[in-house]
Amino acid sequence: MSQVPPMDTDPLAPGGGAAGRIVWRRSPRALARLLSGADAAPEAVVLILHGGRSEALTPPPRLNLPAVRMRPFSSEIAGATRARRVLVGEVRYRYRGWNGARSDAARDAREALAEVGRTVGDDVPVVLVGHSMGGRAALLVAGHPQVRGVVALAPWCPPGEPVAHLAHRRVVVLHDESDRVTSARQSWAFLDRARRAGATTEAISMPSGGHAMVRGARAWHRTTTAAVLDMLEIPPAQGDLTPR
């Protein structure tokens with residue numbers, strides 16, 4: 001796999017005491033073998049970032065519905081890469097909210113990328129998949145040198161978000177234009193600015209699903225998985241991504 005050149009531009013300054021962590025999706029034995037080096041090293045990592053709230057300094061609840069909603073995406077991607085040495089991880093946040101200039105979810109995403117470097121290696125390509133607030137976080141930290149690209153699902157893209165760091169990255173956005181929580185129009189505007197900054201972009205207007213991506217969920221899962229495989233240059237297994 002080709003390597004993404006490191007970027008000098010990073011809109012998220014270091015610091016803040018981020019303590020994001022990753023919950024890896026693999027059987028304990030298979031995961032232990034990969035992380036210990038008993039098997040060949042992982043060839044890629046996919047990190048899943050769930051949604052949240054604009055403001056909330058409380059920890060996510062035990063039953064965290066935004067995280068639950070992302071599990072079918074994790075399962076679909078894990079299933080499509082089961083024959084490869086791909087690790088799928090779900091990022092856990094300290095707080096439920098973005099919290100203004102604190103950008104807590106983005107700081108946790110950045111710490112998760114640091115954890116990838118420590119545990120898997122700093123030369124393994126990473127794809128970020130984020131929904132809503134998690135999409136905003138994924139887009140903000142995508143200048144990290146290991147990040148190959150981002151698949152953002154109904155992302156929160158307020159005007160003025162930085163884009164220079166997305167040069168040489170792939171950015172795919174899925175959004176239902178009937179979404180009443182985050183704006184598809186703002187997503188398309190963000191993509192246009194990212195493309196002019198040097199990113200390779202793709203806008204996918206989903207025919208249904210709203211913000212929670214429930215109606216037509218299968219199409220969201222499969223379209224996302226196809227984009228991830230394409231970014232990692234992994235051909236889909238025969239029959240894996242056929243419509244059902």
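In what order do the elements of the protein run from the N terminus on? In this predicted model, the succession is β-α-β-α-β-α-β-α-β-β-α-β-α, made up of 6 helices and 7 strands. Of the 244 residues of the protein, 51% count as buried.

The alternation expected of a strand can be followed in E1. In a regular strand the side chains alternate between the two faces of the sheet. Along strand E1, which covers residues 21–25, Ile22 and Trp24 are directed to one face and are buried, whereas Arg21, Val23 and Arg25 are directed to the other face and are not buried. Strand E1 is paired with strand E3 (residues 86–92) in the antiparallel sense, over 5 bridges, and within this pairing Ile22 stands opposite Val91 of E3.

Salt bridges were examined next. Side chains of opposite charge can pair when their charged atoms come close. The structure holds 12 salt bridges, among them one in which the side chains of Arg218 and Glu76 meet at 3.3 Å, N to O. This pair links distant parts of the chain, since Arg218 belongs to helix H6 (residues 217–231) and Glu76 to helix H2, with their positions 142 residues apart in the numbering. Arg218 counts as partly exposed because its relative accessibility is 34%, while Glu76, at 14% relative accessibility, counts as buried, the cut-off for that class being under 20%.

A further salt bridge joins the side chains of Asp108 and Arg94, at 2.6 Å, N to O. Asp108 lies in helix H3 (residues 104–119) and Arg94 in the loop between E3 and H3, so the contact ties together parts that are 14 residues apart in sequence. Asp108 is buried, with a relative accessible area of 0%, and Arg94 likewise counts as buried, at 17% relative accessibility. Both residues also take part in a network of salt bridges that links Arg94, Arg102, Asp104 and Asp108.

In the salt bridge between Asp192 and Arg195, the closest N and O atoms are 2.6 Å apart. Both of these residues lie in helix H5 (residues 184–196), where they are 3 residues apart, about one turn of the helix. Asp192 counts as partly exposed because its relative accessibility is 31%, and Arg195 counts as partly exposed at 44%.

On the surface, Leu63, Leu65 and Val68 make a nonpolar patch of about 290 Å². Leu63 is placed in the loop between strand E2 (44–49) and helix H2 (65–80), and this residue counts as exposed because its relative accessibility is 61%, the cut-off for that class being over 50%.

Empty space was considered last. Rolling a probe the size of a water molecule over the atoms shows where empty space is left. The largest pocket holds about 220 Å³ of space, and of the 17 residues that line this pocket, Gly51, Gly52, Leu65, Pro66 and His131 are the closest to its centre. Helix H2 contributes the largest share of the pocket lining, with 3 residues. Leu65 is thus named both in the nonpolar surface patch and among the residues closest to the pocket centre.

The count of cavities of 30 Å³ or more comes to 2, and the largest cavity has a volume of about 50 Å³. The lining of the largest cavity consists of Arg136, Leu139, Leu140, Trp156, Cys157, Glu161, Pro162, His165 and Phe190, with helix H4 (residues 133–141) giving the most to this lining, 3 residues.

Terms used. Residues are numbered from 1 along each chain as its sequence is written. This is a predicted model: local features need pLDDT of at least 70, side-chain atom pairs count only at pLDDT 80 or more; totals for chains, interfaces and linings use all residues. Side-chain values use heavy atoms; hydrogens and water are left out. Buried means under 20% relative accessible area, exposed over 50%, partly exposed in between (1.4 Å probe, protein chains only). Helices (H or I, at least four residues) and strands (E, at least two) are DSSP runs, numbered from the N terminus. Two strands pair if DSSP finds at least two bridges between them. Patches are made of residues with over 30% relative accessible area and no salt bridge: like charges are joined within 9 Å, nonpolar side chains (Val, Leu, Ile, Met, Phe, Trp, Tyr) within 5 Å. Accessible areas come from the Shrake-Rupley method with a 1.4 Å probe; for residues, only the protein chains shown count as cover. A salt bridge is a side-chain nitrogen of Lys or Arg within 4 Å of a carboxyl oxygen of Asp or Glu. On a 1 Å grid over the protein atoms alone, a cavity is a set of points where a 1.4 Å probe fits but cannot get out, and a pocket is an open set with protein on both sides within 12 Å along at least five of seven lines; lining residues have an atom within 4 Å of a point. Grid points are joined across faces, edges and corners, and a volume is the space filled by probe spheres set on the points.
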